[in-house]
Amino acid sequence: MRTPIVVGIDGSAHAWRALDWAADRAVRHRLPLLLVHGSRALLDEGTIPPDALRRLIGEREDLLAEARQYALKLHPELDVETRLAPADPGRTLVEESEHADLVAVGSRGQGGFEGLLFGSVGLYTAAHARCPVLVVSRSAPYPSDAPADIVIGIEGLDDERAFIEWAFGEAASRGSRILALHAVGGEFSPRRRVIEDLELSESLAGYRERYPDVTVDRLVSDRTPAQALVEASKTAALVVVGARRRRAPLAGMALGRVNHTVLHHAQCPVVVVPNHD
């Protein structure tokens, strides 16, 4: 059974653009789409009259139907299903992630403030999902208009294999290049640049052999990891990061400070790949 690509649908412009990117991946990988709308407002708890609840459910069903028709108009060959969930949207998407290839969300939901760069649902999903999470803003280009590069940040740690592998697989399917960044966060000598570049090359060993058609560019940067990734996002199709999750009072901090910054400030879609090692 093919695992679906799950898309969180809430009617926002960000969610529609996330659907564009999810549909593009679904076509390339021949996967079905599952469009999901979750809302606690749909719970039958006796807090609103039955007629009002039925109208609300009908409105949300219409939203999902509209999103399905939009996806099929873009790609008539797609297999697209919908699910309406009377539950918290973030928890619903995390639940779906257990059996998904990818979860795609908008960077900010319906009614979000323009000054808030990343919404709570997307943050919760990225912090807890069991599969890769694609976060897309409404300012992102259409997939067909996106630049070629996929950017990854390499520290040389053992738990980086999952997101590096995902990035190379995606680059191969898109015909993209990989830009591998290693940021040292300060000035360094020419000798240290050579050493850091060799270590970066070692971190990529094996991937270039398995993906011979993917061009890899390496860059050792004197900026911090967050600064280097955000800067590179200006000319990238995707930034791909790994989720080193930890216990934290806030979902964003559970993803780590670098990922938190990248999710808030990247100028292209970001993919957060969980580490299951």
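Angles under 35 degrees count as roughly parallel, over 145 as roughly antiparallel, 65 to 115 as roughly perpendicular, and the rest as oblique. The legends below describe close-up views of a predicted model.

**View 1. Helix 1 and helix 2 cross obliquely.** Helix 1 comprises residues 13–29 and helix 2 residues 50–74; their axes come within 10 Å and cross at roughly 40°. The two helices are therefore oblique to each other. Their crossing is right-handed. On the side of helix 1, Trp-16, Leu-19 and Asp-20 take part in the meeting, and helix 2 contributes Leu-63, Glu-66, Ala-67, Tyr-70, Ala-71 and Leu-74.

**View 2. Helix 1 packs against helix 5.** The axes of helix 1 and helix 5 are 10 Å apart, and the angle between the helices is about 80°. That angle makes helix 1 roughly perpendicular to helix 5. From helix 1 the contact involves Trp-21, Asp-24, Arg-25, Arg-28 and His-29, while helix 5 supplies Trp-166, Glu-170, Ser-173 and Arg-174.

**View 3. Arg-17 and Arg-30 are set in contrast, one buried and the other exposed.** Arg-17 is found in helix 1. Its relative accessibility is 14%, so Arg-17 counts as buried, the limit for that class being under 20%. Apart from neighbours within four places in sequence, Arg-17 is in contact with Val-136, Ser-137, Arg-138, Ala-140, Pro-141 and Tyr-142. Arg-30, by comparison, lies in the loop between helix 1 and strand 2 (33–38). Arg-30 has a relative accessible area of 68% and is therefore exposed. Although Arg-30 is not a glycine, it has a positive phi of about 55°.

**View 4. An open sheet is formed by 10 strands.** The strands follow the order 3-2-1-4-5-10-9-6-7-8, with mixed pairing. Strand 3 (80–85) and strand 8 (216–221) are the edge strands, each of which pairs on one side only. From one strand to the next, the twist averages 25°. Within this sheet, strand 6 (residues 149–153) and strand 7 (residues 177–183) run parallel and are joined by 5 bridges. Ile-150 stands opposite Ile-178 of strand 7.

**View 5. Helix 4 and helix 5 lie across strands of the sheet.** Helix 4 (residues 120–128) lies across strand 4 (102–106), strand 5 (133–136) and strand 10 (270–274). Relative to strand 4, helix 4 runs at about 160°. Helix 5 (residues 161–174) lies across strand 4, strand 6, strand 7, strand 8, strand 9 (238–243) and strand 10. The angle of helix 5 to strand 6 is about 175°.

**View 6. Nonpolar residues gather in a core of 49 residues.** This is the largest nonpolar core, and the residues with the most contacts inside it are Leu-33, Leu-35, Ile-152, Phe-168, Ile-178 and Val-240. Not counting residues up to four places away in sequence, Val-240 touches Ile-150, Val-151, Ile-152, Gly-153, Phe-163, Trp-166, Ala-167, Val-271 and Val-273. A second, separate core has 33 residues, including Val-151, Leu-181, Leu-229 and Val-241. In soluble globular proteins, nonpolar side chains tend to be buried together.

**View 7. Glu-196 is a buried residue of helix 6.** Helix 6 spans residues 190–203 and contains Glu-196. With a relative accessibility of 9%, Glu-196 counts as buried. When neighbours within four places in sequence are left aside, Glu-196 is in contact with His-182, Val-184 and Val-220.

**View 8. Helix 8 and helix 10 meet in a right-handed crossing.** Their axes come within 9 Å and cross at roughly 25°. Helix 8 and helix 10 are therefore roughly parallel to each other. Pro-225, Ala-226, Leu-229 and Val-230 of helix 8 meet Val-258, Thr-261, Val-262 and His-265 of helix 10.

**View 9. Four residues of helix 10 are buried: Asn-259, Val-262, Leu-263 and His-264.** Helix 10 itself spans residues 257–265. The elements covering these buried residues include helix 4, strand 5, helix 8 (225–232), strand 9 and strand 10.

Conventions:
Residues numbered from 1 in each chain as written. Predicted model: local features only at pLDDT ≥ 70, side-chain atom pairs only at ≥ 80, totals over all residues. Heavy atoms only, no water. Pairing = 2+ DSSP bridges. Axes fitted to C-alpha atoms, helices over the stretch in contact; angles between N-to-C directions. Contact = heavy atoms within 4.5 Å. Core = buried A, V, L, I, M, F, W, Y, C linked by side-chain atoms within 4.5 Å. Buried < 20%, exposed > 50% of the residue type's maximum accessible area, 1.4 Å probe, protein only. Left-handed = near helix turned anticlockwise from the far one by under 90°.
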